[in-house]
Amino acid sequence: MTVYNIALIGFGGVNRALAELIAAKNQLWERDLGFRLNIVAVSDLYLGSVISPNGLDARTLVEAKFEKGGFGQLSGGSAEADNETIIKTAPADIVVEATFTNPKDGEPAVSHCRWALETGKHVVTTNKGPVAIEAQALKALAKANGVRFEYEGAVMSGTPVIRMAEKTLAGAELKGFEGILNGTSNFVLGRMEAGLDFASAVKEAQELGYAEADPTADVEGFDVRLKVVILANELLGASLKPEDVSCKGISGLSPSDIEDAAQANSRWKLIGAAVRNDDGSVTGSVAPRRLSLDHPLAGVNGATNAVSLDTELLGAVTITGPGAGRIETAYALLSDIVAIHSTGTSPIAKEAA
Ligand SMILES: NC(=O)c1ccc[n+]([C@@H]2O[C@H](COP(=O)([O-])OP(=O)(O)OC[C@H]3O[C@@H](n4cnc5c(N)ncnc54)[C@H](O)[C@@H]3O)[C@@H](O)[C@H]2O)c1
Ligand SMILES: N[C@@H](CCO)C(=O)O
């Protein structure tokens, strides 16, 4: 039985949900997946950091009501989030990066990933910043160090769009994609259709754990722009940067725009898309579109996302599933660890006695 020691960087909704899953499902994973997870370190801007080489009890971590700097009370703990020391020195096989997404330069998460990969640790992350902005460099660094950089949860949370498209649609000749790639804005549009005002709908999305720390990223389209870059670069072989993708969000849509659409049997959706042009270049865009109710994406509601992949050999292949949510996104981290486990590339994972 393999035990993967993991270090959690960021202990908000997603990594806390991963700890919850570990507390509830480690035995099941041992039986069905052939490994279990052991949390040996946690670092969080608000709570501080802690290293425990023998492992921290996941249930206690989730249930304890820590105050600001509260990890300082634990053995091996500090009230400060000393990410660099934690990442470089904790006896972890895998660093799980789930801090805030910074859409400008991806920092400090890019550095977190670098420190981990340079010290021979796999990285799994749901953070869109490092993936959209530095994926090529981080993948090269991972390869040079014999470890993996995995990020399924960066697009459509636990719904397996990246791995599915790469592995099971290989050879289908992808020409482009369009989709609903932000759970918060899709949820907000649906709540506005039901008569709620914009600010209250955003507040609900925050309470449900869908929104970014700054929900402007969701409603102004910046989050979708990162996801368009990630999918275009990963699946269409593009080299887009966020500033290459035109971007308009949903904040300009008024209740009367929503009402007018409903009167005309249509619905507003925030669509992220990319297309390969005849000269081989790739163009990406993010904008609200008024879709007729018979459009395949018009019926995708709530925090559900969907992406329609336009392929030469199969035509459109559409993947639908959760696009946000704490547990749903924690599942993406598990799926990344399953992918690492299946290739047997862990440098230091231990066989439990
Ligand atoms: N929640 C979702 O549905 C979802 C889905 C897909 C991707 N993501 C991404 O996953 C990441 C985590 O999401 P979340 O919902 O857990 O966010 P969150 O805001 O609930 O938690 C983030 C945590 O990271 C901590 N943090 C921030 N900067 C830090 C730093 N420099 N060092 C240490 N800790 C730091 C914060 O204190 C917070 O506890 C984000 O990048 C988000 O964009 C979230
Ligand atoms: N805030 C994002 C989280 C998933 O990336 C969303 O609502 O889609």
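Author: A polar contact is a pair of N or O atoms within 3.5 Å. The model is predicted: local features need pLDDT of at least 70, side-chain atom pairs need 80 or more, and totals for chains, interfaces and linings use all residues. Residues count from 1 along each chain, chains are lettered from A and ligands numbered from 1 as written, and side-chain values use heavy atoms, without hydrogens or water.

Reader: How far is the backbone N or O atom of Gly325 from an oxygen atom of ligand 1?

Author: Two side chains also reach ligand oxygen atoms. Asp44 has a polar side-chain atom 2.6 Å from one, and Thr329 has one at 3.4 Å. For Gly325, a backbone atom makes the contact, at 2.7 Å.

Reader: How much of the accessible area of ligand 1 does the protein cover?

Author: Alone, ligand 1 has 830 Å² of accessible area (Shrake-Rupley, 1.4 Å probe). The share covered by protein is 88%.

Reader: Which residues come nearest to ligand 1?

Author: Around ligand 1 stand 25 residues (a heavy atom within 4 Å). By class, eight are nonpolar, 14 polar and three charged. Nearest come Asp44, Thr99, Thr126, Glu212 and Gly325.

Reader: Why is the pair of Phe11 and Phe71 called tilted?

Author: The structure holds five aromatic pairs (ring centres within 6.5 Å; under 30 degrees is stacked, over 60 edge-to-face, the rest tilted). Phe11 lies in the loop between β1 (2-9) and α1, and Phe71 in the loop between α2 (58-63) and β4 (77-78), 60 residues apart. Their ring centres are 6.3 Å apart, and the pair is tilted because the planes meet at 55°.

Definitions and conventions
A polar contact is a pair of N or O atoms within 3.5 Å; within protein, one must be able to donate a hydrogen and the other to accept it, and residues adjacent in sequence count only if both atoms are side-chain atoms. Ala, Val, Leu, Ile, Met, Phe, Trp, Tyr, Cys and Pro count as nonpolar, Asp, Glu, Lys and Arg as charged, and the others, Gly among them, as polar. Rings of Phe, Tyr and Trp (its six-membered ring) pair if their centres lie within 6.5 Å; planes under 30 degrees apart count as stacked, over 60 as edge-to-face and the rest as tilted. Helices (H or I, at least four residues) and strands (E, at least two) are DSSP runs, numbered from the N terminus.
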